[in-house]
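User: I have this model open on my screen and would like a close look at one part of it. Could you walk me through the spaces inside and what sits in them?

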Amino acid sequence: MIRIRFHGRGGHGVKTASRILGTAAFLAGFETQDSPVYGAERRGAAVTAFARISETPIRERGMIAQPDLIVLADDTLLNDPAAGVLVGQETASAIFLNAADPAPLVAQYHIAPPARAFDVTARTRELLGRPSALSAGVASAAAKLCGCITEANLEAAVREEFSHLAVSPDAVTKNVEIALSVFAALEPAVLSDVPRAATAEMARVPYVDPVLGASTVYNSGNAEQRHTGAWRVERPVIDAGLCTRCGLCFVECPDGAMSLDATGLPLVDYDHCKGCMICSHVCPVDAITHQPETAAW
Ligand code: SF4
Ligand code: SF4
């Protein structure tokens, strides 16, 4: 069995990536299984998805603690121990990094499995004009590393899965193009059958009395302590020269992450701005640009 674990943030499309991979493997004649797990269902929050591919019926269930392949859509998650990106890396035959050059990440985070990389974000931005919705490229990386899925299987799976989403025919064509370019650029991983512990766990969460465990929920005025800025994929940056001080972005920000200075210029609280970009959409003079985040805030 090949066990694949995807990591990304809400908006990256790792749930869809696991579905595309599962469908591609099914079309290739394998038994497959795919499932996601996420906590806060919001853009930018950490998301993990799992896929299993086997020639025989799959009786294993649940999270994958000992993967053969780790596929990472956003390297800022390596800064977040709770995301568990490198959990079980001892059994992994390869890790895919969404990056142009994997070497700095491998050195900084002591990544053990052989690293394969492709800048899926850049390719997606090139074709779709945005740095999120990476599902086709990330699924393609996993499909190629598995070594048992053909280009035709992958293309059919991308078309099948996108047919269930509200996307235009042009977007489907571009996602196929992204998938095929990633597929062509990578080599299959050399999968090794490392012995696995019988009861590996992704995370062990101790039982806490509900009242004690939920104390931060009961406390009033606790939003300030939740640094949702770490969820951001893009950062709003205000051009003070273009801004007319109309205040619309300040009013429309759903997180109260903006304030106004003495001149009426909006200031963004990057600890709490979650990057929804509503402020940018409502700005009548396009004074707020989208800057890609390169590290967790
Ligand atoms: S992107 Fe803009 S609207 Fe959204 S949370 Fe940040 S400041 Fe507020
Ligand atoms: S909506 Fe645009 S012009 Fe109005 S205050 Fe915000 S940045 Fe300035």
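Analyst: Happy to! A word on classes before we start: Ala, Val, Leu, Ile, Met, Phe, Trp, Tyr, Cys and Pro count as nonpolar, Asp, Glu, Lys and Arg as charged, and the others, Gly among them, as polar. By that scheme, the shell around ligand 1 has eight nonpolar residues, one polar and one charged. Please keep in mind that this is a predicted model.

Who are the members of that shell? Ligand 1 is surrounded by P236, C253, P254, M258, C273, K274, G275, C276, M277 and C279. Since Lys counts as charged and Gly as polar, K274 is the charged member and G275 the polar one.

Now for the space itself. Ligand 1 takes up the largest cavity, whose volume is about 120 Å³. This cavity is lined by 14 residues, and C253, A257, C273, C276 and C279 are the closest to its centre. Sorted by class, its lining comprises 11 nonpolar, one polar and two charged residues.

The second ligand can be read in a similar way. Around ligand 2 you will find C243, T244, R245, C246, G247, L248, C249, P266, C283, P284, V285 and I288. Nine of the residues in this shell are nonpolar, two are polar and one is charged. Because Arg counts as charged, while Thr and Gly fall among the polar residues, the charged one is R245 and the polar pair is T244 and G247.

Ligand 2 sits in the second largest cavity, which holds about 90 Å³ of space. Here the lining has 13 residues, with C243, C246, C249, P266 and C283 closest to the centre. The lining splits into 10 nonpolar, two polar and one charged. Altogether, the structure holds three cavities of 30 Å³ or more.

While you have the model open, two charge-over-ring contacts deserve a glance. The charged end of R235 sits over the ring of Y270, 4.9 Å from its centre. Elsewhere, K144 lies over the face of F183, with 4.6 Å to the ring centre. As for rings paired with each other, the structure holds zero aromatic pairs.

Definitions and conventions: Residues numbered from 1 in each chain as written. Chains lettered and ligands numbered in written order. Predicted model: local features only at pLDDT ≥ 70, side-chain atom pairs only at ≥ 80, totals over all residues. Heavy atoms only, no water. 1 Å grid on protein atoms, 1.4 Å probe; cavity = no way out; pocket = protein on both sides within 12 Å on 5 of 7 lines; lining within 4 Å. Points joined across faces, edges and corners; volume = space filled by probe spheres on them. Phe/Tyr/Trp six-rings, centres within 6.5 Å; stacked < 30°, edge-to-face > 60°. Lys NZ or Arg CZ within 6 Å of the ring centre and 35° of its normal. Near = heavy atom within 4 Å. Sits in = over half its atoms within 2 Å of the grid points.
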